[in-house]
Structure formats: C-alpha cells, structure tokens
Amino acid sequence: MTKTFLWLTMTAVMISSPALAASDTNIASDDVIAAQRAALAASTEGKGFGPQSPRDIDVREGSNTRAFGEAPAVTQMALCDIHFHENAEHKGGEFTTYAGNGDGKGYGTGFKYDGVLSEAEIAPVDGKIGESEHGDLVPGDTIEIHFVHSTAKATLGNSLGTCLSDAIGNPQLRVEAVVAVLVSEGGVDFPEMAHIEEINGVNQVPNLPGDLGTPVIYGGSTTGPSYNEKGSPFQVTWSVRPGVVKLDINSVGAWLADNPFDEDHAHGVRNLVMNPQLLSPFN
C-alpha cells in the first residue's frame, strides 16, 4: 500500500462535506473532491514539483524538501497584484470552519471566520457587492486577500503576468495574505488598507495590518482552483496572518469599482493541499 493511497484514505475522513450537500446537485460530492485530490497526487508524483499552497498553517509537517530561497522582505520587493478569494484558501488561526465542498470548481468552498458577529455587523446592505456568475458578497462572508510582490521590475496589473519580467526569468515571489470577514458596521476601510505608495522607487502597500498575530511564513506555490488537479510550477514565499480583520463591505465594493488591477469580483479557491509530499516543513 503506497503512502499516497494511505494519505488519500485519511483525507477522505478528515475533510468531508455536510451530509445534506451530497443531495444538492449544485454541490460537489465528497467523491468529486477525492478524485481531484487523487488526480493532483498522480500528476505530481515523481515529477519534481515544489511545495504547494494553500495549506493548514497550524500544521508544520511536510515532506517536500525541494529547496528554494525565502523571498526578501516586502520592503525590498515591488507590489504587483492585489486580489482576493471568497472564503479563505488557507486554514488555521481564526479561520478553520469548513465552508463545504462547493461546486467542485473553487466556489462555495474554503474556510470561514470562526467568530460570532453582531446583528449590526451582518445587517444587509444596499446593492450587490462583487456580483458575478458565482454570486456576490454579503456581510458575514470571509475573504482571503493576496498582496503579491516580486523582485522583478514589476508593474501593477491583473494576473501573475504583471509580477514577471523579460529581464528576470525567475523572480522571487512573496504573498502577504490577510483574511478578513466582511461587516456592515465598524469595519476597516479596504481602500485605505490597499493604498499603494511608491517608496524607494517601488510600489508598496504600507498599511497592511500588523495586529493579526505573527505571520506564518512557509514555502509554497500559487493557488486558485485551476490547480486542483495539477501542480503549480511557481515558487512563492507565503506570509499568512493567523488573525482575521473585520472589513467594511461597502469599502470593498468601492475598491472593486476602482482599482488598478481590473478586479471586480472574488476568485475561487484551490482545494486545501493536505498531501505531505506536496507540503514544505516549516518552523
């Protein structure tokens, strides 16, 4: 019996959707998610892929030791992209509540804020925030925001391509991840948090929250549901804060309506990577 088979069997027990979900034709069954995990394991085994993301940041073990250097501090790198995912891609800290399997394509899954919000914080708001074919954002929703940085002479724009450069074929990438819960009242202003300044000749976001606990730093990859069944070839240093910030949902709507990244909705999430062979060990 292989290690991969044992891991897949254990995973089926550790994460499963609510029983009701299997009868909902819009929600992927546990078998669908298990098949995606098996496909990821098969497509990466023996191929030399580096550690993958997202992961449980409370679990430090991993057996993927493909080495790459930790990216410099963000103050020595250029901001190149800001986007966010509906529900947290990572698990851990204050966001461990499984949202369910979702549609099997990255929407309706991930992890939610574990805390309890007041009635005022989840009061309905006017209009649709971040509406897309996959729905919209409402008070009480959790998002994971990715502030992507590069050592290349990067530009601001949509997608990872803005973080790369013809002049540097292998730039180092770093993602500062902030998990937020959207509230109707009393939340932090997102455009202020995501405010961009040119500092020492490079774009920076100086207002990232510093009160969400010590970030978990580990070696991983790019994310997103397109990698549910294949490995990401990009190496990324992750810095994931374990706390959750309350974010004003209307300010999120304002940012989606006017930002330099052409972002207008939340992205889907990649299945949590649990295969030890695809996870880096970290301290």
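Two strands pair if DSSP finds at least two bridges between them. With that in mind, here are some close-up views of this predicted model.

**View 1. Strands β6 and β7 run side by side in the antiparallel sense.** Strand β6 covers residues 142-150, and its pairing with β7 extends over 9 bridges. To find your place, look for H146, whose bridge partner in β7 is A177. As a general reminder, strands of a sheet pair through backbone hydrogen bonds, either parallel or antiparallel.

**View 2. Five strands make up an open sheet with mixed pairing.** Going across the sheet, you meet the strands in the order β1-β6-β7-β11-β10. The edges are formed by β1 and β10, each of which pairs on one side only. On average, neighbouring strands here are turned by 30° against each other, direction ignored.

**View 3. Helix α4 lies across β1, β7 and β11.** The helix runs at about 130° to β11. Within α4, which spans residues 249-257, the buried residues are I249, S251, V252, G253, W255 and L256. What do these buried residues of α4 pack against? Their partners are β1 (78-86), β4 (129-132), β5 (135-137), β7 (173-183), α3 (190-193) and β11 (235-248).

**View 4. The largest nonpolar core has 26 residues.** Good starting points are F95, W238, V240 and V244, which have the most contacts inside this core. At least two core residues come from each of β1, β7, β10 (216-221) and β11. Which strand gives the most to this core? That is β7, with 6 residues. A second, separate core has 25 residues, including I82, F84, I145 and A266.

**View 5. Around V240, several contacts come together from elsewhere in the sequence.** Leaving aside neighbours within four places in sequence, V240 is in contact with I57, H90, F95, A177, P215, V216 and Y218. You may recognise A177 from the first view, as the bridge partner of H146. F95 should be familiar too, being listed with V240 among the residues with the most contacts inside the largest nonpolar core.

**View 6. D56 sits in the loop between α2 (30-44) and β1.** Is D56 buried or exposed? D56 counts as buried because its relative accessible area is 17%, and buried means under 20%. A polar atom of the D56 side chain lies 2.8 Å from the backbone nitrogen of D58. Leaving aside neighbours within four places in sequence, D56 is in contact with K91, G92 and L272.

Methods: Residues numbered from 1 in each chain as written. Predicted model: local features only at pLDDT ≥ 70, side-chain atom pairs only at ≥ 80, totals over all residues. Heavy atoms only, no water. Buried < 20%, exposed > 50% of the residue type's maximum accessible area, 1.4 Å probe, protein only. Helix = DSSP H or I, 4+ residues; strand = E, 2+ residues; numbered from the N terminus. Contact = heavy atoms within 4.5 Å. Polar contact = N/O pair within 3.5 Å; in protein donor to acceptor, adjacent residues only side chain to side chain. Core = buried A, V, L, I, M, F, W, Y, C linked by side-chain atoms within 4.5 Å. Axes fitted to C-alpha atoms, helices over the stretch in contact; angles between N-to-C directions.
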